[in-house]
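Student: Before I accept the labels given to parts of a model, I would like to see the reasoning behind them. Could we go through some of them together?

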Amino acid sequence: SSTADDYKIFSAEEWKAIQNNQWVDWRNLVTVQGKEQSHNVTLSSNKGKVKTYFSLGYYNEQGIFKNDALSKYTFRGNVDYDVAKWLQVGMNSQLTYYDQDKVSSSMLTQAMTYVPLGTPYNEDGSINLFPVSGDVSKLSPLANYASANKAVNNTLSFKSFSTGYVVIQPMKELKLRSNVSATINASRNGTFNGQYSTDQYGGSYTNMAGATNQLNRYFSWDNILTYTKSFGNHNLEATAVSSWTKSMNESYYGSGYNQLLDSYLYYSLQATDASSRLLSSSYVQQQQLGFAGRISYNYLGRYLFTATGRWDGSSMLAQGHKWDFFPSVSGAWRISDEPFMKGASKWLSNLKLRLSYGTTGNSGVPPYATQGGAVIANTKMGFNDTPATTYQYSYLVGNAGLGWEKSTTSNLGVDFSVF
């Protein structure tokens with residue numbers, strides 16, 4: 001219980017800092033007061049045949065760490081125009097731009113677990129990379145702030161979502177609606193960790209730089225044609241639908257070590273050591289096209305019948321198996337509406353017998369799942385100090401006969417409610 005041998009549990013450098021009363025609250029030094037602000041401007045009009053809505057937004061958040069910030073700019077515009085009694089058009093557009101800086105996810109942990117001793121700053125106010133004098137094994141939790149380019153993780157992102165529609169109704173019974181939409185997401189993430197940064201210190205390279213660029217596009221086009229008609233007690237509705245979707249996703253990544261100058265950040269990867277560079281890219285595309293038709297008929301709302309047929313195609317399936325047909329039929333009898341059920345109307349509000357039979361399909365497989373073969377591996381081989389690309393079998397086993405997964409179900413039921 002004596003304090004005479006306390007020095008034994010500390011290193012010589014730590015014990016010296018204790019004797020000099022050099023105590024440090026590292027958590028307090030790495031954190032700052034977080035704050036956020038949000039501003040929005042909206043303009044709308046609803047006069048005559050034209051309805052408009054526009055808004056601009058700005059949002060800024062400063063996190064609890066330095067260099068931990070997010071700026072977001074948004075725009076939204078809606079326009080609806082009644083061109084004629086039988087024709088309406090409109091569009092909706094949403095644009096978002098992000099600029100985000102991140103800090104190392106381990107910064108708070110490092111501050112909380114670092115020995116609470118040392119001199120955090122030099123006499124000139126600069127950050128002391130090794131605050132426990134003489135101990136170069138303990139890098140300061142503030143090391144990433146030693147210079148503006150010491151540790152950078154920045155993401156720029158642009159997102160666009162736009163839709164347009166047209167509604168044509170030449171007569172009361174016939175209506176056509178067509179919708180077109182496009183979603184475009186583009187982003188760039190750049191990282192740089194210089195020498196004596198918390199993520200790079202202790203490694204075999206002086207610095208590391210990397211950048212990832214992604215471009216994702218999604219398009220869709222849907223058409224719905226509806227015809228409704230009543231003939232006395234007979235009611236008929238016919239619907240025809242077409243649907244097309246296409247997505248294209250591409251990404252590019254490059255990184256390297258021992259970059260010539262820290263000030264290059266991730267904008268000059270060709271200045272890294274050629275033998276350390278990693279390059280990768282990918283492209284994935286998929287499409288789906290479908291047609292459907294449905295006829296619904298009821299008499300007095302008492303006898304109901306519906307028949308549906310879908311013809312769907314998917315690019316993700318094997319050649320010769322991309323298309324398939326999925327029919328369904330259903331019928332119902334609302335028994336509670338029959339004249340002979342009037343005596344039970346006081347306690348039986350609904351009694352319906354229904355029957356259905358149909359086939360559904362699923363094409364939920366990864367793109368290119370029908371292909372096998374070799375892919376480039378993440379590792380390389382060397383022949384007399386000359387690097388060579390390594391290939392390995394894909395984790396997907398090719399299946400040239402892969403088609404739609406089909407499920408056929410039938411259902412017989414009775415629905416009723418009382419009181």
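Student: Which residues form one aromatic cluster together with Tyr 58?

Tutor: In this predicted model, Tyr 58 forms one aromatic cluster with Tyr 73 and Tyr 97. A search of the whole structure finds 13 aromatic pairs.

Student: Why is the pair of Tyr 266 and Tyr 267 called tilted?

Tutor: The ring centres of Tyr 266 and Tyr 267 are 4.7 Å apart, and a pair requires centres within 6.5 Å. Their planes stand at 50°, whereas stacked would need under 30 degrees and edge-to-face over 60, so the pair is tilted.

Student: How do you know whether Tyr 266 is buried or exposed, and what about Tyr 267?

Tutor: Buried means under 20% relative accessible area, so Tyr 266, at 7%, counts as buried. Exposed means over 50%, and therefore Tyr 267, with 56%, is exposed.

Student: What makes Trp 311 and Phe 325 a tilted pair?

Tutor: Their centres lie 6.2 Å apart with 40° between the planes, and tilted covers what is neither under 30 nor over 60 degrees. The pair links distant parts of the chain, with Trp 311 in strand 10 and Phe 325 in strand 11, 14 residues apart. Because partly exposed lies between the cut-offs of 20% and 50%, the term applies to Trp 311 at 40% and to Phe 325 at 39%.

Student: Why is Arg 177 said to lie over the face of Tyr 165?

Tutor: Arg 177 is at 4.5 Å from the ring centre of Tyr 165, and the distance criterion is within 6 Å, joined to an angle within 35 degrees of the ring normal.

How values were computed: Residues are numbered from 1 along each chain as its sequence is written. This is a predicted model: local features need pLDDT of at least 70, side-chain atom pairs count only at pLDDT 80 or more; totals for chains, interfaces and linings use all residues. Side-chain values use heavy atoms; hydrogens and water are left out. Rings of Phe, Tyr and Trp (its six-membered ring) pair if their centres lie within 6.5 Å; planes under 30 degrees apart count as stacked, over 60 as edge-to-face and the rest as tilted. Buried means under 20% relative accessible area, exposed over 50%, partly exposed in between (1.4 Å probe, protein chains only). Helices (H or I, at least four residues) and strands (E, at least two) are DSSP runs, numbered from the N terminus.
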